[in-house]
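Open the model in your viewer and keep the sequence panel beside it. The stops below each give a selection and say what is there.

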Amino acid sequence: MKERTYITTTLPYVNAEPHIGFAVEIIRADIIARYRRALGEEVFFNTGTDEHGQKIYQKALELGLEPQAYVDQLAEKFKAILKPLGISEDINFVRTTDPAHIASAQAFWRTCDQNGFIYKKNYQTKYCIGCELEKTDSELVNGKCPDHPNLAIELRDEENYFFKFPAFGDKLLALYKERPDFVIPAERQKEIKALVERGLQDFSISRLKTKMPWGIAVPTDPEHVMYVWFDALVNYISVLSWPCLARAESEGGPNDLDNFNHWWLETGGAIQYCGKDNLRQQTAMWQAMLMAAGLSPSKQIVIDGFITSGGQKMSKSLGNVINPLEVVEKYDTDALRYFVAGELAMFEDSDFTWERFHEAYNAKLANGLGNLVSRVMKMAENYLAGPVEITKKEFPADYVKFLSEFEIGKAVDIVWQKISTLDLKIQQTQPFKLIKENKEEAVKIVTELVQGVGEIAKMLEPIMSTTAEKINQAIANNKMPAPLFVRKD
Ligand SMILES: [Zn+2]
């Protein structure tokens, strides 16, 4: 049987235009998706947009738009960035306002309710609109959310439905114990384990419709809509058409259950990429929700750090916001993908500035990779009788190891080590001089160099597929290609 991978990004919340953090996350997930496909696996790759909740409702009101009209506009903008970022064309795109997602989220609620994990009570809560999350006192700094110090914490007093989170504390700890690589990197798993060990509290999963109508109706109570997180997290299985009601034999047709079996039960669940601000929601809340519905947990949660610029959080007021589309316009898609894969830290916070980008572009792409391919293919075109057939078709073992651990940066390092090795070989053997004295030996060396360039192209396929294709074409035609990356001033 073919190996299978289900990999997904977080659904970005559409209260703002697509930002660099999302671009980084989806490029990394795409690299893993392409890599697994290159290994011969069957891959289901998912992204989409998270479209309910108070922040979006308020934003739409501010703009004088119906919430649906507002999210329709934003969803198009998120769809439109996939191509410039070089994302796999077969990616699935779910919107949490899709009727199929709504039906699935309501079925999920009913299941958790029937299993006894949802109840109603009166409560007062502290709420950060910026996070769309309730905050406990221990999470506040001077009475403010540390991520949104400019927003006032709201006090809310209302009757809400609650999810019995503490019922899953022991099961979550057992999950972390049994699967030490459930959360990547390991420090984040320690962090969530410590949080669960400190004790969990029930969390609210509904809002009164009279206060905030922009959400999925609670199926058992028309006065409430679902809390946005509770609805959005279900996307990871709604895209597999869970709960997949079996179609009656008399109605014929395939059984939907196959889809969920195929991509969740038989794969061991989704690999979910997310930012570190999603740690609690994805590695604990969502896993407890799955348990409450009687479903198996996700496969792995990969947690990215934040992207800063000049050491600070990007913000309009600081004028340090980097728009991924502008990077693609000024340089190109593969240059952005290289920087995300090879220059930014995988799991720690990492700095993205134009200066750093520009420097890496010239040093690693124009001078490094681009220059090597030009030199080798020029010699190949001049000295060889015809195209070299690349014999090594497997990825190197260390490259495989790093990508299996989501260490994309270390896999990229292997590619650039190979570039250095080939540069050194040219310098030491000087085939362009040798060709006059010992043609046979020069031809042998250039053939080896082309083999090396072919191995580089193979490793670049998941990371920079357009560039890899250009190199493969050059090798197949035994011709020096146009410069892969033009040096920029
Ligand atoms: Zn906040």
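Two strands count as paired if DSSP finds at least two bridges between them. Keep that cut-off in mind at each sheet. Note also that this is a predicted model.

**Stop 1: a sheet of three**

Select 307-309, 312-313 and 350-351. These strands form an open sheet with the order β15-β14-β16 and mixed pairing. β15 (312-313) and β16 (350-351) are the edges. Each has a single partner strand, so one side of each is left without a neighbour in the sheet. Now look at β14, residues 307-309, against β16: the two pair in the parallel sense over 2 bridges. Which residue of β16 is the bridge partner of T308? Pick D351 to see that partner.

**Stop 2: a sheet of six**

Next comes an open sheet of 6 strands. Read across it as β3-β2-β1-β12-β13-β7; the pairing is parallel. Color the edge strands, β3 (92-95) and β7 (183-184). Each of these pairs on one side only. Then go inside the sheet and select residues 4-8 and 271-275, which are β1 and β12. This parallel pair is joined over 2 bridges. Show T8 and find Q272 of β12 opposite.

**Stop 3: β4 and its two partners**

Select β4, residues 118-128, with β6, residues 154-163. Parallel or antiparallel? They are antiparallel, and they pair over 10 bridges. For a landmark, label K120, which stands opposite Y161 in β6.

Now add residues 133-135, strand β5. β5 is joined to β4 by 3 bridges, again running antiparallel. Here Y127 stands opposite E134. β4 and β5 make a hairpin, with 4 residues between the strands. Check the backbone of E132 in the turn: phi is positive, about 55°.

While you have the backbone on display, turn on hydrogen bonds. Strands of a sheet pair through backbone hydrogen bonds, either parallel or antiparallel.

**Stop 4: the record's domain**

Select residues 6-147 and 154-377. An unreviewed UniProt entry lists these ranges as "domain: Methionyl/Leucyl tRNA synthetase". Over 6-147 the chain is 41% helix and 20% strand. The end C-alpha atoms of that stretch are 31 Å apart.

**Stop 5: helices α5 and α6**

Two packed helices are described by the angle between their axes and the distance between the axes. Select 169-178 for α5 and 186-197 for α6. Their axes come within 10 Å and cross at roughly 155°. Angles over 145 degrees count as roughly antiparallel, which makes α5 roughly antiparallel to α6. The crossing is left-handed.

Show side chains at the contact. From α5, take G169, L172, L173 and Y176; from α6, take Q189, K193, V196 and E197. How do the residues of this contact divide? There are 4 nonpolar, 2 polar and 2 charged.

**Stop 6: helices α17 and α18**

Finish with residues 439-460, helix α17, and residues 465-477, helix α18. They pack at about 150°, with axes 8 Å apart. α17 and α18 are therefore roughly antiparallel to each other. Their crossing is left-handed.

On the α17 side, select V450, V453, G454, A457 and L460. On the α18 side, select T467, A468, I471, N472 and I475. Color by residue class: the contact has 7 nonpolar residues, 3 polar and no charged.

How values were computed. Residues are numbered from 1 along each chain as its sequence is written. This is a predicted model: local features need pLDDT of at least 70, side-chain atom pairs count only at pLDDT 80 or more; totals for chains, interfaces and linings use all residues. UniProt positions are given in the numbering used here, feature names are shortened, and annotations may be inferred rather than shown by experiment. Axes are lines fitted to C-alpha atoms, for helices over the stretch in contact, and angles run from 0 to 180 degrees between N-to-C directions. Angles under 35 degrees count as roughly parallel, over 145 as roughly antiparallel, 65 to 115 as roughly perpendicular and the rest as oblique. A crossing is left-handed if the near helix is turned anticlockwise from the far one by less than a right angle, and right-handed if clockwise. Two residues are in contact if their C-beta atoms, placed from the backbone, lie within 7 Å. Ala, Val, Leu, Ile, Met, Phe, Trp, Tyr, Cys and Pro count as nonpolar, Asp, Glu, Lys and Arg as charged, and the others, Gly among them, as polar.
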